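This report looks at where a ligand sits in a protein and at what lines the open spaces of that protein. Please have the sequence and the structure at hand while reading.

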Amino acid sequence: MTPDPLPEEFAVSMRLAKERLGIFGHRVLWYSEVGSTNDIAGTFAEKGADEGLVVLADRQTAGRGRLGRSWASPSGAGIYVSVVLRPTPAGARLVTIAAGVAVTEGIASATGLSTHVKWPNDVHVSGRKLAGILAEGAVNHVVLGIGINVQPAAYPPDVASRATSIEAELSRPVDRAPVLAECLAALASRYRELHEDRPAGIVEAWRMRAAPMLGRRVEWESAGERHTGLAENIDDDGALIVKVGDGTLRIRSGEVRWL
Ligand code: BTN
């Protein structure tokens with residue numbers, strides 16, 4: 001698929017942030033319309049693309065969310081971006097935690113809006129989801145897909161009680177380009193920490209941003225049975241620590257429902 005020219009507003013924001021974009025400052029591909037940016041980035045990754053490749057779309061026709069869900073991606077209303085990463089095995093365990101932190105940092109730095117992270121890597125404001133992250137890994141790469149609701153039109157009206165957008169929270173129009181550039185700059189910085197085997201700052205930042213979610217009851221399924229517990233923390237590998245009765249349990253992946 002041939003990319004389209006990067007719109008001027010994105011080119012300007014990326015140029016302004018160039019010094020801070022690190023590996024994400026070298027190759028940015030823009031598509032007016034794709035199925036899923038994760039698929040495009042995955043194809044490039046399999047063909048040997050360098051890590052740091054950024055694939056952006058104005059609109060996705062088959063945007064994917066976690067756990068087989070779809071991700072609504074109407075034109076111009078959200079940020080739909082995927083990046084190719086080649087983390088170390090240790091770094092791979094924390095890459096989605098790092099991305100959740102980076103998205104909250106990027107949104108705050110571009111717009112002033114303060115958001116929270118909800119394990120494993122949803123970005124929330126006042127109990128409503130504003131952004132999501134889908135990491136898809138293969139043998140020697142991870143495609144990290146990030147979807148951010150910028151305008152309320154980014155999500156279908158039937159999820160309006162569970163979703164929100166940057167514009168709805170700030171009650172003003174917001175340009176997508178600086179939000180994207182700041183999120184990528186924050187991700188470059190957090191990813192560098194992972195590469196240099198300095199994960200402590202990421203885990204600490206995650207815990208701070210997750211504070212309103214911790215201490216809440218969660219529910220999950222395992223071996224066909226439903227369990228509940230109290231979400232306490234994440235450990236240094238990014239697993240969710242849940243208090244169940246007198247003991248604690250580590251949940252490494254999958255879905256927990258916050259009650
Ligand atoms: C989630 O379910 O919370 C994850 C949503 C991830 C959506 C993004 S949009 C860009 C990239 N391409 C996709 O198809 N999905 C991710």
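The text below deals with the ligand and its surroundings, then with two pockets.

**The ligand and its shell**

The model is predicted. In it, 20 residues surround the ligand. The closest of these are Ser36, Gln60, Arg64, Arg66 and Lys129. By class, the shell holds 6 nonpolar, 10 polar and 4 charged residues.

Three of the closest residues also appear in short atom-to-atom distances to the ligand, given in the table.

| Ligand atom | Protein partner | Distance |
|---|---|---|
| nitrogen | N or O atom in the side chain of Gln60 | 2.9 Å |
| oxygen | polar backbone atom of Arg66 | 2.7 Å |
| oxygen | N or O atom in the side chain of Lys129 | 2.6 Å |

For Gln60 the partner atom belongs to the side chain, and for Lys129 it does too, whereas for Arg66 it belongs to the backbone.

How much of the ligand's accessible area does the protein cover? On its own the ligand has 410 Å² of accessible area, and the protein covers 98% of that.

Four elements each give two or more residues to the shell: helix 2 (37–46), strand 3 (78–85), strand 6 (128–138) and strand 7 (141–149). Strand 6 gives the most, with 4 residues.

**The largest pocket**

Which pocket does the ligand occupy? The space taken by the ligand is the largest pocket. About 980 Å³ of space lies in this pocket, and 41 residues line it. Nearest its centre are Arg69, Trp71, Asp122, Lys129 and Arg162. Lys129 is thus named both here and among the residues closest to the ligand.

The lining divides into 16 nonpolar, 15 polar and 10 charged residues. Helix 2, strand 3, strand 6 and strand 7 each give two or more residues to the lining, and so do strand 5 (122–125) and strand 12 (257–258).

**The second largest pocket**

The second largest pocket holds about 400 Å³ of space. Its lining is made of 22 residues, and those nearest the centre are Thr96, Asn121, Ala135, Arg252 and Ser253. By class, 11 of the lining residues are nonpolar, 6 are polar and 5 are charged.

Which elements supply at least two residues each to this lining? They are helix 3 (89–111) and strand 6. Strand 6 therefore links the parts of this report: strand 6 is listed for the ligand shell, for the lining of the largest pocket and for the lining of the second largest pocket.

Terms used:
Residues are numbered from 1 along each chain as its sequence is written. This is a predicted model: local features need pLDDT of at least 70, side-chain atom pairs count only at pLDDT 80 or more; totals for chains, interfaces and linings use all residues. Side-chain values use heavy atoms; hydrogens and water are left out. A residue is near a molecule or strand if one of its heavy atoms lies within 4 Å of it. A polar contact is a pair of N or O atoms within 3.5 Å; within protein, one must be able to donate a hydrogen and the other to accept it, and residues adjacent in sequence count only if both atoms are side-chain atoms. Accessible areas come from the Shrake-Rupley method with a 1.4 Å probe; for residues, only the protein chains shown count as cover. On a 1 Å grid over the protein atoms alone, a cavity is a set of points where a 1.4 Å probe fits but cannot get out, and a pocket is an open set with protein on both sides within 12 Å along at least five of seven lines; lining residues have an atom within 4 Å of a point. A molecule sits in a cavity or pocket if more than half of its atoms lie within 2 Å of its grid points. Ala, Val, Leu, Ile, Met, Phe, Trp, Tyr, Cys and Pro count as nonpolar, Asp, Glu, Lys and Arg as charged, and the others, Gly among them, as polar. Grid points are joined across faces, edges and corners, and a volume is the space filled by probe spheres set on the points.
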